[in-house]
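Q: Please take a close look at the salt bridges in this model. Which side chains are paired, and where do the partners sit?

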Amino acid sequence: MFTMGEAGMYNYEWDAETGGYLLTTRMLGITRQLRPVFYEELELLGFNKYWSYPKTDKPLLWAETRRYIYQGRLVAEANTGGLYTAPDVKIYEKGLELQPVDVPAMINKNKPLLNGVVQSTLETIYRIFKEYKAKNIDVFYVAFSGGKDSLVLLDLVQRALPHNEFKVVFSDTTMEVSDTYEAVEKAQKRWATLEFHTSRSHMAAKDSWELFGPPSRTQRWCCSVHKSAPAILLLRKLIGKADLKTLVFDGVRAEESTARASYSIISDGNKHLTQVNCSPLLEWNTAELYLYILEHDLLLNNAYRYGAIRVGCSMCPMASSWWEYIANSVYHDYTYPFIEIIDNNAKQKFSVSAERKKYLNTGGWKGRVAGRDLNAGGNRVVEQYDGKTLIMYINGKHVDWMEWIKAIGDVVSEGKNEYSIKYKNNLYRFKVEEINDGLKVSIENHLITKDSIRFIYLFKNVYNKAAYCVRCKVCMVECRFGALKIDADRVTIQDTCRHCESCLDKTKGCLAAKSLHVTAGGKNMILKGINRYQHFGFRKEWLEYFVELGNDKFWSCGKLGKYQFDGFKVWMKEAGITSSNSITPLGSEIARFGAKDIRVWAIIFNNLVYSSTIVKWYVQNIDFGVEYKIVDIITMLGESHSISTRENAVMSLKETFKTSPIGIELGAGVYELKGKAIMAVTRTAWREPDPVVILYSLYKFAEVSDGYYSFTLTELLNDNGERVGISPAQIFGIGKDTLKQIVQGLAIDYPDFIGAAFNKDLDNINLRKEQTSLDVLKLL
């Protein structure tokens, strides 16, 4: 049997002689992630009923995720199980007498190819170190988690760099399992000359789970609160510098997920504005990884001996049910406190204990979207708007709003409860009154401009922070100038604040607000008409028929059934191709290129973002790089529609992703199949965006924004849900640097359509008002 690794530099094939595998350059097939299997896993899952084996430190066989391979033969499989449910094991060969893998012989056979991988990685680490040292990075550090990836990473970095040039930081989330703490201790002893540090949030994980609500796949506040932010704050303290710029070597690998497959080895400011991330192992696969671990006798975390594919927190919303069973069986004392918190929060939803246990066992808790059904959940800020005045009621205890508003500008008191603040040369007056134990904030509507839209967005976030802030200190990390200080009992913004707005510029302005507020649909959208397509998607095949037959013949042909025609009519109208079943000028341009042109589908998708309620909701609510289960997306749509309406709307999206280039080629919905059914989707970037399509997208942005033809790149990228226009970055997943390059190229190639100035602090973009989005299509 031959197989191929998915994301690494080499494939692998089984080697019956050693009981292991050989790296190879041959293209041999497709497989899952590879891992060694030890006797502890066999004992845990009950393999001792069927096989005999020695209790040795060496691996006995291999697993491709949950497919067990012995000397090149598939001998057993297991399903995922659940928090309380042991995986079912299917035995294909009974009565086996397992012999340990001949590790030295396997290593010897693989040395030539593995050495090439290692040498290339060592050179990459050193090259990046030299490059960024010249860019005045204040401190380099290795993020060490105690898992297999960070173990290999640490060994490579300490081989590539002088030991006094970097630090090692273990981020203790206080959610780790016992074997992880033991693995960290072993690493400290092995590399005694390295400078090890442990970062830890001032908040215990159990306390933060109560304050934020249990984390979920879409509410991953825990990584910032317990990992990255404490590490950066620790380094600031060690270096004695507030405006610290760090480079972290992390163990991210593309093989681990669809989202990570789109990462780059270097990313600047993706997680925190003050940090560069370097992922030297990005292209390694597990076949290469475990060879390195075995060759160098690295002290593998014992959790892998029980069958862990990845070792992380004891309870994690991104973990598989496979890990949950292992963690709850082997490390129950570590999972129980968090299980108890999930159970207590679920009592509002499920009054019966058996229902809550099922909810936990099946991972239902991971799909939480916002604060509904949480003990701490609810809307602490209630907005009212009468067309003239915006009123916000802040309920209950709150943090001093007067501190948070300093991030926007200086506030002037103009009398009892009345204030003014200047923002971008505009003066805004507002009133703040204390009522009961809360606040009433009112501000009159201003002329809608790009500056006022931005101001209102920031202004609202000030009061979201006032209502929800739990002093988690994540915002301190976002402040590049050290002006923001957060202590146990107060928030202080000092005079050194440069009003960069970073501490306010996030969804709801606050991780706790984002996690706890209750939404009826997201991004303030009224979700009318989400199910207008008879549950059919926008199929490429149907557009091909339309182009081939022409508008007049198509609608009378028998290619589609009645309900298919009804659904397709809606898609075509919303795409701007037809109106009242007559082809539009835009439709004529699209027909000129045909349904096989990816640019056509990019234009269609761009138009649907503005005219299709479900597509717009999807683009504004589904983050890039996060895998969303279909059941979670249905839940995220809120409860203002019946479950069947939501399911049909999502069915239309799924079919569009599967039957048109919008899904895979544009990256709008890269899907995971189980049989023929789409079980999960991930938004990824359009890898090769066409500049003219981006120009079209910019003109659509301007046209729907009431003639907003001049703006800065920063303003364009500010997709905060407060404006009608949506940037090409939000639609197609284009990064700031890439978008800047595209705009610069467009300004050179098509000066009659666009001008751009990117000099020092200026990043102005000017579209020509005499041109239209339809005119842009004629450039294709």
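A: In this predicted model, glutamate 131 and lysine 135 meet through their side chains in a salt bridge, at 3.3 Å from N to O. Glutamate 131 is partly exposed, its relative accessible area being 34%. Lysine 135 is also partly exposed, with a relative accessibility of 48%.

Aspartate 505 and arginine 454 form another salt bridge, with 3.3 Å between the closest N and O atoms. This pair links distant parts of the chain, 51 residues apart: aspartate 505 lies in the loop between strand E22 (491–493) and helix H14 (511–516), and arginine 454 belongs to helix H12 (residues 450–468). Aspartate 505 is partly exposed at 36% relative accessibility, whereas arginine 454 is buried at 14%, because the cut-off for buried is under 20% relative accessible area.

Arginine 305 pairs with glutamate 40, and here the closest N and O atoms are 2.9 Å apart. Arginine 305 is in the loop between helix H7 (286–295) and helix H8 (321–330), while glutamate 40 is in helix H1 (residues 39–45), so the salt bridge ties together parts separated by 265 residues in sequence. Arginine 305 is buried, with a relative accessible area of 11%. Its partner glutamate 40 is buried as well, at 15%.

Salt bridges also occur as a network, one that links Asp15, Glu17 and Lys109. Over the whole structure, the search finds 30 salt bridges. As background, side chains carrying opposite charges can pair when their charged atoms come close.

Terms used. Residues numbered from 1 in each chain as written. Predicted model: local features only at pLDDT ≥ 70, side-chain atom pairs only at ≥ 80, totals over all residues. Heavy atoms only, no water. Salt bridge = Lys/Arg side-chain N within 4 Å of Asp/Glu carboxyl O. Helix = DSSP H or I, 4+ residues; strand = E, 2+ residues; numbered from the N terminus. Buried < 20%, exposed > 50% of the residue type's maximum accessible area, 1.4 Å probe, protein only.
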